[in-house]
Amino acid sequence: MRRWQQAGVERHPTVAKNPWIIIWLCALLVFLYLPTRLVEVATPEWRPIQWLLGIQVIGLSLYGTYLAGGKKWFQQAAFPLLFFLVAIPWPTLIESPIIQGLSRANAAMVVDVLGIFDVPAVQHGNVIEVSTGMVGINDACSGIRSFQSSLMISLFLGEFYRFSWPKRLLLVFISFTTALLLNVCRTSLLTWIAAKKGTGAIDQYHDEAGWTILMICTGLLWAAGWLLNQRRTLPPSPVSIIANITDEGTRKIRSRLMRFALALIIWLVITECSVEAWYWAREADFKPGPNWTVTYPTNNPTYKDIPLTEADHTLLRFDEGKKGQWQLSDGSRWQAFYFNWLPGRVAGYLAKRHTPDICITAEGYKMTSGPDLTIMNVHGIELPMRHYIFASSDGPLQIYQCHWEAGQAAENYTADESSRFNLIRGVWAGRGNHGQKVLEIVITGYDNSDESSKALAGQLDNLVTVEN
């Protein structure tokens, strides 16, 4: 303890008595980087893995800060480093219920607001129907992004003014309320524009409205922080907090940090080489299989192209995509969505981002069955078709989604793509960046699954074309 005091560095009492606690904790974080990185390479979109990486990086950074300046530096660096966790996407199990709840609440309040201005509107789940068409409440309009932004601002202001915990919690509550009300105003304005000028007019004002409420929200929260700061004083400069360290202490600190940094660099090199060797071995016998595409029945007089929107390109970033709809002689109605990702890093996870149980449910439909996996052999290609059934006013909505990965064996596909097993499966199956395709078919007009499955098999023979 005396040697640390001579070096001008204050140690935490608990760690000073039990130094092995923090050493073993740091060693655990270092060791976990290897399995975390192994899974992250195959499934970079899995949010628990992103949180694990964030915790490991921040934990090791805090340990390095503690080595450099002891308890004082640790306390001052804790909030700035932990603040990076705000930028990591929330786990889906937490975020999805919040998004769905905010979207429905937002839509309900917008319908009430429009009623005050005599604008007819009807809510269908996350969709608002007006006289000119349907206005969807997507993730951006649900309020989750406004809430996340306001949460970040409130946390920053709470630390900036050194508020007590009650004041910080009050500021978080104010940020949530402000973000919710401003987002309702934004959505009400955009829906009113859609009712008066058509749904296509929303794109002209969408981004401007978003930036406007962000600036207003920031200004209101800063004003709230200023009012809560009764002392009207700014926190001390970080420069004044840095302890004076003697030359001898500087040399000791530098020596500790150099050993710590060298150990981390060596482990980082070992980890990256091991991960690359593992996937090289797993993908050594990779066989992409036959290439195929989808050809829509343009010779059908009822066929219509569905134009791809800018939002489709922004969200999915596919290399090839097309939508279409048509009817058959038996009266059934069909819609098909086809997207293709060429080999590359993004091909491994962009195709998995949107599934019917999330997207269709968000439009107000209730899923009554699924997903059920059926492997269909079409022209020698094994297509994993996942079957969902949703209740609608026109009868059962039969949805078949095929997420096909180049070179993937049929036995490796699972019914639920978002399951933990399926995400971990990539460690054994490979990175999945050799190209992927998604074919989603929505069918109405069949009362049971057997009828729709037989009709689907016949349509796939005509839709799927094998390329030489």
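Biologist: How many residues does helix α5 have, and what distance does it reach from its first C-alpha to its last?
Modeller: In this predicted model, helix α5 runs over residues 92-116. At 1.5 Å a residue a span of 36 Å is expected, and the helix comes close to that value. Helix α5 thus has 25 residues and reaches 36 Å.

Biologist: Which residues of α5 are buried, and which residue just after the helix takes a positive phi?
Modeller: An α-helix has 3.6 residues a turn, so residues three or four places apart point the same way. The buried set in α5 includes E95, I99, L102, S103, N106, A107, V110 and L114, and Q100 and V111 are also in it. Just after α5, the residue with a positive phi, of about 60 degrees, is D118.

Biologist: Why can strand β11 be called largely enclosed by the rest of the structure?
Modeller: In a regular strand the side chains alternate between the two faces of the sheet. In β11, Q436, V438, E440, V442 and T444 lie on one side and K437, L439, I441 and I443 on the other, and both of these faces are covered. Strand β11, residues 436-444, is largely enclosed because the number of its nine residues that are buried is nine.

Biologist: Which strands pair with β11, and in what sense do they run?
Modeller: Strand β7, residues 333-341, is joined to β11 by nine bridges, and within this pairing F339 has V438 as its bridge partner. Strand β10, residues 397-405, also pairs with β11 over nine bridges, with Y400 standing opposite I441. The partners are therefore β7, which runs antiparallel to β11, and β10, for which the sense is likewise antiparallel.

Biologist: Which element supplies the largest share of the largest nonpolar core?
Modeller: In soluble globular proteins, nonpolar side chains tend to be buried together. The largest nonpolar core here has 27 residues, of which W292, W334, L383, W404, I441, L456 and L460 touch the most other members. At least two residues each come from β4, β7, β8, β9, β10, β11 and α16. The largest share of this core, four residues, is supplied by α16.

Biologist: How far apart in sequence are the parts that the salt bridge between R37 and E272 ties together?
Modeller: The closest N and O atoms of R37 and E272 are 2.9 Å apart. R37 lies in helix α3 and E272 in helix α11, residues 247-282, so the pair ties together parts whose separation in sequence is 235 residues.

Biologist: Which residue is linked with R37 and E272 in a network of salt bridges, and is E272 buried or partly exposed?
Modeller: The network of salt bridges links E40 with R37 and E272. With a relative accessible area of 28%, E272 lies above the 20% under which a residue is buried and below the 50% over which it is exposed. The residue asked for is E40, and E272 is partly exposed.

Biologist: Which residues form salt bridges with E159?
Modeller: E159 counts as buried at 18% relative accessibility, whereas R162, at 34%, counts as partly exposed. R168 is buried, as is E159. The closest N and O atoms are 3.5 Å apart for the bridge with R162 and 3.1 Å apart for the bridge with R168. The partners of E159 are R162 and R168.

Biologist: Which residues make the nonpolar surface patch of about 370 Å²?
Modeller: One member, L25, lies in helix α3, residues 19-42. The patch is made by L25, L28, F31 and L32.

How values were computed
Residues are numbered from 1 along each chain as its sequence is written. This is a predicted model: local features need pLDDT of at least 70, side-chain atom pairs count only at pLDDT 80 or more; totals for chains, interfaces and linings use all residues. Side-chain values use heavy atoms; hydrogens and water are left out. Patches are made of residues with over 30% relative accessible area and no salt bridge: like charges are joined within 9 Å, nonpolar side chains (Val, Leu, Ile, Met, Phe, Trp, Tyr) within 5 Å. Accessible areas come from the Shrake-Rupley method with a 1.4 Å probe; for residues, only the protein chains shown count as cover. A salt bridge is a side-chain nitrogen of Lys or Arg within 4 Å of a carboxyl oxygen of Asp or Glu. The expected span of a helix is 1.5 Å times one less than its number of residues. Buried means under 20% relative accessible area, exposed over 50%, partly exposed in between (1.4 Å probe, protein chains only). Two strands pair if DSSP finds at least two bridges between them. A nonpolar core is a set of buried Ala, Val, Leu, Ile, Met, Phe, Trp, Tyr and Cys residues joined through side-chain atoms within 4.5 Å.
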